[in-house]
Amino acid sequence: MVRPGEIVVTAEQVRALIDAQFPEWSELPIAAQPLTGTDNALFRLGDSLTARLPRAPWAVDQVATDATWLPRLAPHLPVPVPVPIGLGQPGGDYPWPWTIVPWLDGHNPEAGQDLVDLAVDLAGFVRAMIAIDPMDGPVKEGIQRGVPLAQRDELTRRSIAALGDRIDRRAVTAAWDEAMAADEWPGPPVWLHGDLLGGNLLVDRGRLTGVIDFGALGRGDPAVETRPGWSLFDARARAAYREALGFDEATWVRGWAWMLSGSLYWLADLWDLISEDDRADTIRSIDHIVRHRHD
């Protein structure tokens, strides 16, 4: 599905940009990578570099964010992250700034595998992010992941109403009411990755080797970092993740509530645009969170 505003980026465009702006790498082969995310097109340059080009206007700000903050965060993190080593400019028929980053080895984890070791490693990454000095980094606002959960209340209830009988509205509403009663994050906003999906994690032999795609980077409530517990891990790995994170009960509640809110909004907003399989998968995810939130 191509959303309004998205563009298609080709290897020919990348070749022209490299030749014009980074001639020292003009001899490197270019290979387009599968589109595992929605915001950026990735092209491998030779063996050790990646060109990363925004595909839509809402992804463009990440270029400056990555260039500003990842060099400052990376020394404090336990695994490599894609610190930009080249900042490209618009050129030819490509309209936005872009970056060249190191190629990070590893593959994405898959649900159904034994991910307990990964869960523990990832919890260490999250705790390392939380411990980094704020450095006046950007604070989440509006309804972005990481703001106080109450700021999602109106949107979430509107999504529940819009979905009607397509979901178990009574059970979902009861779960959301429970989350709204949870205590807020009591401390100052902390550093968040904000989008710890399986596609943004790199592993080798079951251990975390890198974390990519910092498009949701900022400071806020760390409850959003529980997302892999519901999107990737099975019950055993989720329990290991929860223990290794060391979050209190209220933070864990806000965490599953963030997953619930995001799934409800996505489903209600895109119902007519997504496939029947995507609808069914999201409804199953919502039901899973509601039924297992106290496990």
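Q: Buried means under 20% relative accessible area, exposed over 50%, and partly exposed in between, with a 1.4 Å probe and protein chains only; which of these words fits Gln 144?
A: This is a predicted model, where local features need pLDDT of at least 70 and side-chain atom pairs count only at pLDDT 80 or more, while totals for chains, interfaces and linings use all residues. Residues are numbered from 1 along each chain as its sequence is written, and side-chain values use heavy atoms, with hydrogens and water left out. Gln 144 is found in the loop between α3 (116-131) and α4 (153-163), where helices (H or I, at least four residues) and strands (E, at least two) are DSSP runs numbered from the N terminus. With a relative accessibility of 39%, Gln 144 counts as partly exposed.

Q: How far apart are the C-alpha atoms of Gln 144 and Gly 218?
A: Along the chain, Gln 144 and Gly 218 are 74 residues apart. In space, the separation of their C-alpha atoms is 9.8 Å.

Q: What is the order of the strands in the open sheet of five strands?
A: Strands count as paired if DSSP finds at least two bridges between them, and the pairing in this sheet is antiparallel. β1 and β4 (86-88) stand at the edges with a single partner strand each, so one side of each has no neighbour in the sheet. From one strand to the next the twist averages 25°. Read across, the order is β1-β2-β3-β5-β4.

Q: How many bridges join β3 to strand β5, and how many join strand β2 to β3?
A: Let's take β5 (residues 98-102) to start: it runs antiparallel to β3, and Leu 49 has Pro 102 as its bridge partner there. On the β2 (residues 40-45) side, the strands are antiparallel too, with Ala 41 partnered by Leu 53. β2 and β3 make a hairpin with three residues between them, and Gly 46 in the turn has a positive phi of about 60°. The counts are four bridges for β3 with β5 and, for β2 with β3, six.

Q: How many of the six residues of strand β3 are buried?
A: In a regular strand, side chains alternate between the two faces of the sheet. In β3 (residues 49-54), one side carries Leu 49, Ala 51 and Leu 53 and the other Thr 50, Arg 52 and Pro 54, and both faces are covered. The strand is largely enclosed by the rest of the structure, because the number of its residues that are buried is six of the six.

Q: How many aromatic pairs are there, and what is the geometry of the one formed by Phe 22 and Trp 98?
A: Rings of Phe, Tyr and Trp (its six-membered ring) pair if their centres lie within 6.5 Å; planes under 30 degrees apart count as stacked, over 60 as edge-to-face and the rest as tilted. By that rule there are six aromatic pairs. Phe 22 and Trp 98 are 5.7 Å apart centre to centre, with 80° between the planes, which is edge-to-face.

Q: How many residues apart in sequence are the parts tied together by Phe 22 and Trp 98?
A: Phe 22 is buried at 10% relative accessibility, and Trp 98 is buried at 0%. Ring pairs also bring Trp 25 into a cluster with these two. Phe 22 belongs to the loop between α1 (11-21) and β1 (30-32) and Trp 98 to strand β5, so the parts tied together are apart in sequence by 76 residues.

Q: Which strand holds the partner of Trp 69 in its aromatic pair with Trp 191?
A: Trp 69 and Trp 191 form a tilted pair, 5.2 Å centre to centre with 55° between the planes. Trp 69 is buried at 11% relative accessibility, as is Trp 191 at 1%. The pair links distant parts of the chain, 122 residues apart: Trp 69 is in helix α2 (residues 61-73), and Trp 191 is in strand β6.

Q: At what angle do helix α5 and helix α8 pack?
A: Axes are lines fitted to C-alpha atoms, for helices over the stretch in contact, and angles run from 0 to 180 degrees between N-to-C directions. The axes of α5 (residues 169-180) and α8 (residues 249-270) are 9 Å apart. Angles under 35 degrees count as roughly parallel, over 145 as roughly antiparallel, 65 to 115 as roughly perpendicular and the rest as oblique. α5 and α8 are therefore oblique to each other, at an angle of about 135°.
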